Amino acid sequence: MKKNRVLVTGGAGFIGSHLCDRLLADGNDVICVDNLFTGSKDNIRHLLENPYFEFIRHDVTQPLFVECDQIYNLACPASPKWYQKDPIYTFQTSVYGAMNCLGLAKRTGARILQASTSEIYGDPNIQPQPESYWGNVNTIGIRSCYDEGKRAAETLFFDYHRKHDVDIKVMRIFNTYGPRMDIGDGRVVSNFIVQALRGEDITIYGEGNQTRSFCYVDDLIEGMVRLMNSRDGFTGPVNIGNPGEFTIKKLAEIVIELTGSGSKLVYEPLPSDDPTHRKPLIDLAKKELNWEPHIQLREGLKRTIEYFSKVV
């Protein structure tokens, strides 16, 4: 049986490395591309001796010439700490990266999946967010480099689909967590777990009443693979996330409980443009992909805490 040649950009990142694991387990030939700006070779070190895995250090803002059957475009800094570090580069990665990957898909005839984000909804006026919602995004804020970059990438994907008949899939990823999150990436789950394990105060921005929906990485990867292999003509966009909704304060309390930490909660001012709500409507994913998450927050946090307890 012929192996699919699958290209994963951002493949040494948190989500990308788990995707590489899954694709190899499914019998594919995997090409992992990453410039290691936020990714790490440690995430893929266990794969480097696999004869069906290839790592290429490359920046997707530059054209890439390989042969492949499928492309997963995950390349882009995804945490506020990193995408705000060099906002112009973040925007370039989303836009130029999308154009280069789409050009490759056009040349090779590969099906291509864009890892978009729930951040395209901005600070939503609709709860939960359906794919039909156009969003409420500040175009000039400190988060705009990421939010607007991903929105522009979606535009490019659909223009390439309409103009050049490129076979596209677009998924909007909601908050995802799990092993291999960067210990210092500034995301709320990793922040809380690391602070709790170190016995430090847990920092909550604002009053902690803002809500998020947390999807364990294995559930996300299942949805991603199902979308890539979904029926011809179904492009998405489709929300992939866990509709279970928790306040940030509740998340902190659960982390303290599961770690047995003596950490106290401390409060700091809320950053600008921080969304007050984030919850996916996943009816489309259920209908088209027969997908919904199965790992609940407490179980996922236990697995994630176990990982961080070995690296903190």
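These legends accompany an overview and several close-up views of a predicted model.

**Figure 1. The whole chain, with its nine helices and 13 strands.** Let us start with the full picture before zooming in. The radius of gyration is 19 Å, close to the 20 Å that the globule rule gives for 312 residues, so the chain is as compact as a globular protein of that length. Along the principal axes, the C-alpha atoms fill a box of roughly 55 × 45 × 40 Å. Buried residues make up 54% of the 312 in the chain. Contacts reach far along the sequence: of those between residues at least 6 apart, 81% join residues at least 24 apart. The accessible surface amounts to about 13,700 Å², and carbon and sulfur atoms account for 49% of that area.

**Figure 2. A salt bridge between Glu222 and Arg22.** This pair is one of 19 salt bridges found in a search of the whole structure. The closest N and O atoms of Glu222 and Arg22 are 2.7 Å apart. Glu222 sits in helix 6 (residues 217-228) and Arg22 in helix 1 (residues 14-25), so the pair ties together parts that are 200 residues apart in sequence. Both partners are partly exposed: Glu222 has a relative accessible area of 22%, and Arg22 has a relative accessibility of 24%. If you widen the view a little, Asp26 and Arg226 join Arg22 and Glu222 in a network of salt bridges.

**Figure 3. Asp218 of helix 6 paired with Arg303 of helix 9.** Staying with helix 6, we come to another salt bridge, in which the side chains of Asp218 and Arg303 meet at 3.9 Å, N to O. Helix 9 covers residues 297-311, and the pair ties together parts that are 85 residues apart in sequence. Asp218 is partly exposed at 38% relative accessibility, and Arg303 is also partly exposed, with a relative accessible area of 32%.

**Figure 4. A salt bridge within helix 4, between Arg151 and Glu148.** Here both partners belong to one helix, spanning residues 144-164. Arg151 and Glu148 are three residues apart, a separation of about one helical turn. Their side chains meet with an N to O distance of 3.6 Å. Arg151 is partly exposed, at 26% relative accessibility.

**Figure 5. Thr211 and its surroundings in strand 9.** Now for a residue away from the surface: is Thr211 buried or exposed? With a relative accessibility of 7%, Thr211 counts as buried, the cut-off being under 20%. Strand 9, in which Thr211 is found, covers residues 211-213. The side chain of Thr211 makes a polar contact of 3.2 Å with the side chain of His277. Leaving aside residues up to four places away in sequence, Thr211 touches Gln127, Glu245, Phe246, Thr247, Thr276, His277 and Arg278.

**Figure 6. A nonpolar surface patch formed by Ile183, Leu197, Val311 and Val312.** To finish, we return to the surface. Together, the four residues of this patch have about 260 Å² of accessible area. One of them, Val311, belongs to helix 9, the helix that also holds Arg303 of Figure 3. Val311 counts as partly exposed, with 41% relative accessibility.

How values were computed: Residues are numbered from 1 along each chain as its sequence is written. This is a predicted model: local features need pLDDT of at least 70, side-chain atom pairs count only at pLDDT 80 or more; totals for chains, interfaces and linings use all residues. Side-chain values use heavy atoms; hydrogens and water are left out. Helices (H or I, at least four residues) and strands (E, at least two) are DSSP runs, numbered from the N terminus. Buried means under 20% relative accessible area, exposed over 50%, partly exposed in between (1.4 Å probe, protein chains only). A polar contact is a pair of N or O atoms within 3.5 Å; within protein, one must be able to donate a hydrogen and the other to accept it, and residues adjacent in sequence count only if both atoms are side-chain atoms. Contact means heavy atoms within 4.5 Å. Patches are made of residues with over 30% relative accessible area and no salt bridge: like charges are joined within 9 Å, nonpolar side chains (Val, Leu, Ile, Met, Phe, Trp, Tyr) within 5 Å. Accessible areas come from the Shrake-Rupley method with a 1.4 Å probe; for residues, only the protein chains shown count as cover. The radius of gyration is taken over C-alpha atoms; the globule rule is 2.2 Å times the number of residues to the power 0.38.
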